2 protein chains.
Amino acid sequence: MERRWNGWGMLNGEYQHSPSPQAVTMAEERLGAAEALTVAELDEVLAKLPASRLESHPLLSFDSEIRVRHSRGQSLPDLFALRSGELGAVPDAVAFPETEEQIQDILTLAQSCNAIVIPYGGGTSVVGHINPPKSDKPVITLSLAKFKELYHLDRESQIATLGAGLAGPELEKLLNAEGYTLGHFPQSWELSTVGGWVASRSSGQQSLRYGRIEKMFAGGTMVTPKGTLDIPTFPGTSAGTDLREVVLGSEGRMGVISKVKMHVTPLAEVENFYGVFFPSWEQGKALSKTLAQQMLPLSMMRLSNAEETASHLKLGGDPKAIAYLEKYLGWRGVAEGKVMFTFGTTGDKKSCRFALKQVKRLSREFGGVYIGKLIGKAWEHSRFRSPYLRDGFMDLGYAIDTMETAVDWSKTDEAMEAIESSIRTAAESFGEKVHVFTHLSHFYPQGSSVYTTYMYRAGSDYDEAYQRWLALKQAGAKAIVSVAGTISHQHGVGEDHKEYLPAEKGELGIATIQSLCEHFDPEKIMNPGKLVD
Amino acid sequence: MERRWNGWGMLNGEYQHSPSPQAVTMAEERLGAAEALTVAELDEVLAKLPASRLESHPLLSFDSEIRVRHSRGQSLPDLFALRSGELGAVPDAVAFPETEEQIQDILTLAQSCNAIVIPYGGGTSVVGHINPPKSDKPVITLSLAKFKELYHLDRESQIATLGAGLAGPELEKLLNAEGYTLGHFPQSWELSTVGGWVASRSSGQQSLRYGRIEKMFAGGTMVTPKGTLDIPTFPGTSAGTDLREVVLGSEGRMGVISKVKMHVTPLAEVENFYGVFFPSWEQGKALSKTLAQQMLPLSMMRLSNAEETASHLKLGGDPKAIAYLEKYLGWRGVAEGKVMFTFGTTGDKKSCRFALKQVKRLSREFGGVYIGKLIGKAWEHSRFRSPYLRDGFMDLGYAIDTMETAVDWSKTDEAMEAIESSIRTAAESFGEKVHVFTHLSHFYPQGSSVYTTYMYRAGSDYDEAYQRWLALKQAGAKAIVSVAGTISHQHGVGEDHKEYLPAEKGELGIATIQSLCEHFDPEKIMNPGKLVD
């Protein structure tokens with residue numbers, strides 16, 4: 001299967017781009033009719049590619065298509081750039097080192113020819129992590145695509161040593177064959193890599209069981225301009241600064257993550273996903289908070305607000321089945337304003353049975369109607385589909401993006417309302433409607449993520465589409481800052497969130513991150529302009 | 001209650017120093033008869049205290065007794081120093097700031113008079129964290145004793161904002177009154193402080209439920225020579241470097257932790273501790289590993305090796321009851337070489353009942369004999385007693401210390417054997433016997449802590465006692481390094497572990513920690529000589 005050069009995913013893969021007829025009708029009703037924007041051909045883009053500013057070197061590839069395919073991530077502006085063919089800066093060369101010595105050679109080479117280096121995993125960043133800056137300095141994009149091995153598996157300690165360039169399905173295939181799983185399933189799972197997850201502090205859909213990537217990352221190797229950092233594995237340590245935490249979230253600014261040692265878990269005996277509907281947001285939230293704080297052994301939870309619930313019911317599956325479900329729910333007193341709660345149990349049979357029983361009991365107490373596996377199965381089936389759908393809507397002239405944060409429980413409602421209303425207000429300012437809905441999907445005793453999706457008419461050209469995006473994005477980001485949320489729960493900082501970082505890190509905190517970057521990279525060759533200045 | 005000036009704990013507190021007659025007999029049989037060493041009087045020590053090298057200042061106390069009481073931690077060499085009256089370097093002054101502004105003033109004052117500053121929590125370090133160095137520079141010990149408030153409790157998000165100077169019982173009293181607990185119970189709990197726990201990456205006896213201090217630490221304030229670092233709380237974030245991890249394990253080298261925001265948990269419905277005996281170490285270890293890796297909701301586990309099991313049975317409670325227990329165990333096939341496994345369940349009734357049932361079932365499968373709450377109650381009753389007992393044995397001429405590390409499951413046996421045998425060999429080298437035993441007490445899917453206790457005859461004077469300690473400590477530490485364990489799972493680095501740190505951090509890792517220290521403290525006034533050079 002070949003990867004799409006100017007959009008998400010694999011050509012001819014299991015997921016379709018095209019939205020269902022009901023989904024298109026919903027978009028038209030909510031936002032008005034839209035017109036598709038022209039999509040550039042790869043040949044056109046290759047024809048106008050600027051010449052590389054670097055001299056020939058055995059470790060560098062100058063192939064035009066390779067350069068184009070490593071030029072942008074998967075943010076909505078990246079999608080506009082790729083589809084319009086106006087890529088902006090592209091790498092002058094792409095390197096595919098096979099050993100840590102070759103990585104070190106590339107860093108040395110970059111220093112000697114005054115180039116900068118951008119570490120590249122799956123190229124799925126949605127915040128500009130891997131986009132070359134407009135710069136006088138030539139750019140070498142350093143791909144980890146040759147670091148694809150399961151180097152070692154310590155079964156007793158449940159630690160796997162993995163190449164940083166392994167994408168989700170690749171590493172799960174290797175681990176599953178040994179009876180293990182990593183259990184990290186972000187929406188980008190099909191394309192994103194384990195090194196990228198570590199570099200950007202990713203969180204997967206089943207973080208409730210397996211933890212954020214921080215919890216899985218037991219040690220590994222980062223090659224830096226100042227030498228190689230090798231972090232051994234300890235189950236716990238009080239020996240000063242935890243160097244794993246320096247590597248985590250370093251976003252290519254400190255070095256190149258080449259190998260990672262990850263906690264893995266034996267494949268679960270059973271895994272199931274279930275659904276519960278609540279008459280109101282308040283009831284659904286009370287249940288999810290209680291489950292998170294009681295530390296019940298669940299593997300995922302997701303609570304959609306009323307608007308997301310209505311949209312998903314409209315977009316999802318067989319309209320007849322949905323109508324039947326809504327009739328049943330109505331009969332049980334769950335109607336207008338209802339919210340959908342999805343949860344998963346993963347593990348040994350006894351623990352899963354125990355957890356399911358507790359959720360059913362508590363759901364009843366909070367006024368929920370348990371509907372079994374119907375909605376859970378739908379979630380499981382389409383868990384990696386959204387980015388495909390974004391391309392399909394874009395083909396019709398509708399743009400979709402997301403804003404996400406995490407806040408303590410005392411602020412979840414405030415955050416959700418601030419983000420949704422600021423996006424709506426911003427859309428009004430340019431005279432357009434926007435369709436906005438939200439879910440909570442990563443739960444902690446302390447609080448949860450808040451994940452808002454918005455959809456708007458792209459406009460008459462890519463520039464208008466970008467300007468509209470910028471207005472909506474800025475409004476949403478400012479709303480997050482105004483409620484003192486983090487600028488990202490799971491996407492990282494990159495370029496797009498950089499200006500909002502000082503609000504949460506403070507001046508001294510930003511200076512601390514900068515000092516770490518300077519320590520590892522005094523010549524400033526590593527991915528400059530991302531994360532911090 | 002007054003705190004003992006030259007040993008552990010409170011005078012006239014709930015725990016007795018004196019070992020039981022059986023315990024004394026055991027020491028004599030194992031190690032030979034010992035003679036008590038002379039203990040200096042406080043008055044003598046005060047009389048020979050050197051004059052302060054600092055000028056009078058409203059924020060500084062020069063009181064001799066206060067200076068003496070802040071001069072040493074609670075390591076075995078500290079105990080020798082305090083009991084002999086040969087304190088070595090003492091602080092020139094002690095400061096008790098009441099606000100963050102006053103902390104900043106003291107840092108500024110130190111810079112202006114070329115003094116160094118040692119942040120001081122409970123003074124319970126066992127690795128020399130808070131001991132003044134022999135230095136030309138005067139020393140200000142900065143006590144957090146005035147930071148004792150529960151400033152705020154966010155019930156919905158389960159976050160408490162606490163003064164860094166609150167000791168275990170003080171903060172639990174404040175939180176319990178509101179219906180919450182922090183759940184952090186290191187053996188030093190009676191005296192150690194929450195700020196100290198964060199600064200040294202502490203781990204408590206119930207870390208299995210509540211997590212290490214790293215998991216509890218949600219944010220807070222560190223006053224540094226470069227300004228104040230304020231870390232807000234997020235349930236999860238991918239926004240670059242996690243600054244909490246810079247504060248954690250900073251050991252006073254980067255700044256003064258003044259306030260901490262901690263995850264707290266509603267008081268549990270039920271809590272119980274139980275015991276199981278296994279015929280062999282291998283069986284006990286297999287059970288504990290299985291429980292840790294199945295992520296069963298237990299709150300503590302502890303597996304004593306055969307020697308520790310025999311010692312505890314000899315030291316513990318009523319000899320008649322123990323004889324009866326051993327007879328019963330023998331009848332069930334658990335005799336010579338048996339090992340004791342203790343575990344706790346904490347939480348809601350349903351979860352605790354479920355967890356107990358699983359442990360009983362799995363224990364049977366691994367050949368264990370469940371004995372109910374008998375041993376568990378004994379553990380609970382004496383969980384904070386060991387340091388008192390160390391003083392009691394010292395009164396009789398026997399010295400006790402511990403070595404601890406953590407390693408992956410594939411190395412636990414190797415680590416235990418290496419540490420125990422290296423300590424035995426070192427004792428032989430100076431012609432003495434040593435009584436050594438070990439337990440695992442912090443469990444992770446990846447591995448566990450390895451905690452070794454050793455007891456030897458102090459010798460004819462404090463110098464001999466110290467030389468013997470040094471030989472044993474060095475042998476144990478080298479054994480830890482030889483099996484690639486961490487130099488500390490829960491005690492930190494301080495002075496005593498510093499030389500072993502490069503083995504696990506590497507040259508670049510050590511340089512990274514040094515660069516963080518220099519970033520916050522370019523004038524090198526903060527606790528120099530600890531953690532890293």
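Which domains does the domain assignment of chain A give? Keep in mind as you look that this is a predicted model. Following chain A along its numbering, you meet domain 1 (39-143), domain 2 (150-266), domain 3 (270-381) and domain 4 (386-500).

Let us begin with the two chains. Two copies of a chain are related by a rotation about an axis and a shift along it. Here, a turn of 180° with a shift of 0.0 Å along the axis lays chain B on chain A, with an RMSD of 0.0 Å. This means that the two chains have the relation of a two-fold axis. The same surface serves both copies, as 98% of the contact residues of chain B recur in chain A. If you want to find the axis, look for Glu245(B): its C-alpha lies 3.3 Å from the rotation axis, the closest approach of any residue of chain B.

Now turn to domain 2 and domain 4 of chain A. Their C-alpha centres are 28 Å apart, and twelve residues of domain 2 are in contact with twelve residues of domain 4. Between them, about 820 Å² of area is buried, with carbon and sulfur atoms giving 39% of it. On the domain 2 side, Gln187(A), Arg212(A) and Glu251(A) lose the most area to domain 4, together 48% of what that side buries.

What kinds of residues does domain 2 of chain A use to touch domain 4 of chain A? They divide into one nonpolar, seven polar and four charged. Across this interface of chain A, eight residue pairs are in polar contact, while the count of salt bridges between domain 2 and domain 4 is zero.

Definitions and conventions
Residues numbered from 1 in each chain as written. Chains lettered and ligands numbered in written order. Predicted model: local features only at pLDDT ≥ 70, side-chain atom pairs only at ≥ 80, totals over all residues. Heavy atoms only, no water. Least-squares fit on C-alpha atoms with pLDDT ≥ 70 in both. Contact = heavy atoms within 4.5 Å. Domains from an automatic or database assignment. Buried area = accessible area lost by both parts, 1.4 Å probe. Salt bridge = Lys/Arg side-chain N within 4 Å of Asp/Glu carboxyl O. Polar contact = N/O pair within 3.5 Å; in protein donor to acceptor, adjacent residues only side chain to side chain. Nonpolar A, V, L, I, M, F, W, Y, C, P; charged D, E, K, R; others polar.
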